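Student: I have the sequence and the model open. Can we walk through them together, one question at a time?

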Amino acid sequence: MTSEPISAGDVKKGIYILLKEKLCKVKNVTIVKVGKHGHTKAIISASDLFTGKNVNMSHPSGDVLTRFYPTQTVYSLSQVDEDGYCFLISEEGETREDFRVFGKQAEELRKAGEVEVTVLSAGSFEGILKYSR
């Protein structure tokens with residue numbers, strides 16, 4: 001299982017959810033009751049896993065969000081072509097040429113040469129979390 005529904009009121013710090021169509025790690029959740037007859041709201045503060053930017057949302061506690069269970073895979077990166085496609089080799093010897101990086105990250109990886117990359121995958125979301133020599 002890579003994802004499951006979760007109500008906004010059940011979101012906890014440290015889990016991975018989808019906010020504003022971005023895969024995020026929850027940093028803080030505050031549950032507040034609005035007014036005398038208002039419903040409780042969950043104010044969620046999270047960070048985008050791939051850009052590091054803060055994402056803040058307020059949802060009624062009954063709203064259904066998507067919780068993800070990401071997996072990390074380590075690959076050897078041998079090259080990044082001009083279009084940003086990476087040539088990756090897993091520890092088992094399987095190759096991937098469908099993974100793409102953009103902009104600054106593509107330039108950094110081209111300059112770094114052969115490195116080990118950690119790819120985070122959750123549903124249709126994939127990105128390089130870190131790389132090292």
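Tutor: This is a predicted model. Start with a sheet of six strands, open and paired in the antiparallel sense. Its order is S1-S6-S2-S3-S4-S5.

Student: Which strands stand at the edges of that sheet?

Tutor: Look for strands with a single partner strand. Each such strand has one side left without a neighbour in the sheet, so it stands at an edge. The two are strand S1 (3–7) and strand S5 (54–60).

Student: By how many degrees are neighbouring strands of this sheet turned against each other on average?

Tutor: Take neighbouring strands and ignore their direction. On average, the turn in this sheet is 45 degrees.

Student: How many bridges pair S3 and S4?

Tutor: Strand S3 covers residues 22–33, and strand S4 covers residues 40–48. One bridge links Val32 to its partner Lys41 in S4. S3 and S4 pair antiparallel, and the number of bridges is nine.

Student: With which side chain does the side chain of Ser45 make a polar contact?

Tutor: Ser45 lies in S4. Beyond four places in sequence, Ser45 touches Val26, Lys27, Asn28, Val55 and Asn56. The polar contact between side chains spans 3.1 Å, and the partner is Asn56.

Student: Now the other sheet. What is the order of the open sheet of five strands?

Tutor: Its pairing is antiparallel. The edge strands, each pairing on one side only, are strand S9 (95–100) and S11. Neighbouring strands here are turned by 40 degrees on average, direction ignored. The order is S9-S8-S7-S10-S11.

Student: Which residue in S10 stands opposite Thr73?

Tutor: S7 and S10 run antiparallel, joined by seven bridges. In S10, the residue opposite Thr73 is Val119.

Student: Why do the buried residues of H1 count as being on the same side?

Tutor: Helix H1 spans residues 103–112, and Ala106, Leu109 and Ala112 are buried in it. They share a side of H1 because they cover an arc around the axis of only 130 degrees. In general, an α-helix has 3.6 residues a turn, so residues three or four places apart point the same way. For the buried residues of H1, then, the value to keep is the arc of 130 degrees.

Student: Which residues are exposed on the other side of H1?

Tutor: Exposed means over 50% relative accessible area. On that other side, the exposed residues are Lys104 and Lys111.

Student: Against which strands do the buried residues of H1 pack?

Tutor: H1 lies across S7, S10 and S11, at about 40 degrees to S11. Its buried residues pack against strand S7 (71–80), strand S10 (115–122) and strand S11 (125–132).

Student: Is Ile128 buried or exposed?

Tutor: Ile128 is found in strand S11. Its contacts beyond four places in sequence include Leu109, Val117 and Val119. The cut-off for buried is under 20% relative accessible area. Ile128 has 8%, so Ile128 is buried.

Student: How many disulfides does a search of the whole structure find?

Tutor: Cys24 is buried, at 0% relative accessibility. Cys86 is buried too, with a relative accessible area of 2%. A disulfide needs a pair of cysteine sulfur atoms within 2.5 Å. The number of disulfides found is zero.

Key. Residues numbered from 1 in each chain as written. Predicted model: local features only at pLDDT ≥ 70, side-chain atom pairs only at ≥ 80, totals over all residues. Heavy atoms only, no water. Buried < 20%, exposed > 50% of the residue type's maximum accessible area, 1.4 Å probe, protein only. Helix = DSSP H or I, 4+ residues; strand = E, 2+ residues; numbered from the N terminus. Arc of directions from axis to C-beta. Contact = heavy atoms within 4.5 Å. Pairing = 2+ DSSP bridges. Axes fitted to C-alpha atoms, helices over the stretch in contact; angles between N-to-C directions. Polar contact = N/O pair within 3.5 Å; in protein donor to acceptor, adjacent residues only side chain to side chain.
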